[in-house]
Amino acid sequence: MKYICEKNCFVRNPQGVFERFNVGDEVEFGDVEKVSDHFKREGGGDSSNEDGADKKGSKSEREELQGKLKKLGATFSPKDSLPKLRTILKEASAD
């Protein structure tokens with residue numbers, strides 16, 4: 001996902017190296033990477049905090065899928081991609 005920096009800072013980039021970001025700089029972070037709170041998602045929305053819920057309390061799609069899979073008792077890995085989680089959910093719902 002693309003994020004936009006809202007203040008001048010030094011933060012670890014997706015490759016794990018400290019990098020200086022200026023206000024307005026764009027950076028691409030993966031789904032599993034921790035993003036600093038002052039980075040905002042491109043197109044609106046805050047970066048997710050540690051528990052995965054944004055400041056408004058809504059959950060990410062990944063967490064919603066994982067919650068549904070847990071309720072169904074389906075086996076999955078927390079590292080599974082979103083398409084794989086969707087596939088597992090379809091298969092578990094069909095049973």
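1. Central strand, first pairing. In strand E5, the bridge partner of tyrosine 3 is arginine 41. E1 and E5 run antiparallel and are joined by three bridges. Strands here are DSSP runs of E with at least two residues, helices are runs of H or I with at least four, and both are numbered from the N terminus. Two strands pair if DSSP finds at least two bridges between them.

2. Basis of the model. This is a predicted model, in which local features need pLDDT of at least 70 and side-chain atom pairs count only at pLDDT 80 or more, while totals for chains, interfaces and linings use all residues. Residues are numbered from 1 along each chain as its sequence is written, and side-chain values use heavy atoms, with hydrogens and water left out.

3. Confidence. pLDDT is the predictor's confidence in each residue, from 0 to 100. The chain averages 78, and 82% of the residues score at least 70. Helix H2 (residues 82-94) has the highest confidence, at 87. E5 has the lowest, at a mean of 83. Over residues 48-57, pLDDT stays under 50. For that stretch the model has 12 contacts beyond four places in sequence. Contact means heavy atoms within 4.5 Å.

4. The sheet. Three strands form an open sheet in the order E4-E1-E5, with antiparallel pairing. Strands E4 (26-28) and E5 (39-41) stand at the edges; each has a single partner strand, so one side of each is left without a neighbour in the sheet. Neighbouring strands are turned by 35° against each other on average, direction ignored. The axes are lines fitted to C-alpha atoms, for helices over the stretch in contact, and angles run from 0 to 180 degrees between N-to-C directions.

5. Central strand, second pairing. E1 (residues 2-5) pairs with E4 over three bridges, in the antiparallel sense. Tyrosine 3 stands opposite valine 27 in E4. To recall the other side, its partner in E5 is arginine 41.

6. Faces of E1. Which side chains of E1 point to one face and are buried? They are Tyr3 and Cys5. Lys2 and Ile4 point to the other face and are not buried. Buried means under 20% relative accessible area, exposed over 50%, and partly exposed in between (1.4 Å probe, protein chains only).

7. Cysteines. How many disulfides does a search of the whole structure find? Zero. A disulfide is a pair of cysteine sulfur atoms within 2.5 Å. The sulfur of cysteine 5 has its closest cysteine sulfur in cysteine 9, at 3.7 Å, too far for a bond. Seen from cysteine 9, the closest cysteine sulfur is that of cysteine 5. Cysteine 5 is buried, at 1% relative accessibility. Cysteine 9 is buried too, with a relative accessible area of 9%.

8. Histidine 38. This residue sits in the loop between E4 and E5. Its relative accessibility is 16%, so histidine 38 counts as buried. Leaving aside neighbours within four places in sequence, histidine 38 is in contact with Ile4, Cys5, Glu6, Lys7, Cys9 and Val11. Both cysteines of the previous point are on that list.

9. Aromatic pair. The structure holds one. Phenylalanine 21 and phenylalanine 39 are edge-to-face, at 5.5 Å centre to centre and 85° between the planes. The pair links distant parts of the chain, 18 residues apart: phenylalanine 21 is in strand E3 (residues 18-21), phenylalanine 39 in strand E5. Rings of Phe, Tyr and Trp (its six-membered ring) pair if their centres lie within 6.5 Å; planes under 30 degrees apart count as stacked, over 60 as edge-to-face and the rest as tilted. Phenylalanine 21 is buried, with a relative accessible area of 2%. For phenylalanine 39, also buried, the value is 0%.

10. Arginine 62. Arginine 62 is in helix H1 (residues 61-72). Buried or exposed? Arginine 62 counts as buried, at 15% relative accessibility. Beyond neighbours within four places in sequence, its contacts are Asp31, Pro78, Asp80, Ser81, Leu82 and Leu85.

11. Serine 93. Serine 93 lies in helix H2. At 48% relative accessibility, serine 93 counts as partly exposed. Its C-alpha atom and that of alanine 74 are separated by 9.4 Å, with the two residues 19 apart along the chain.
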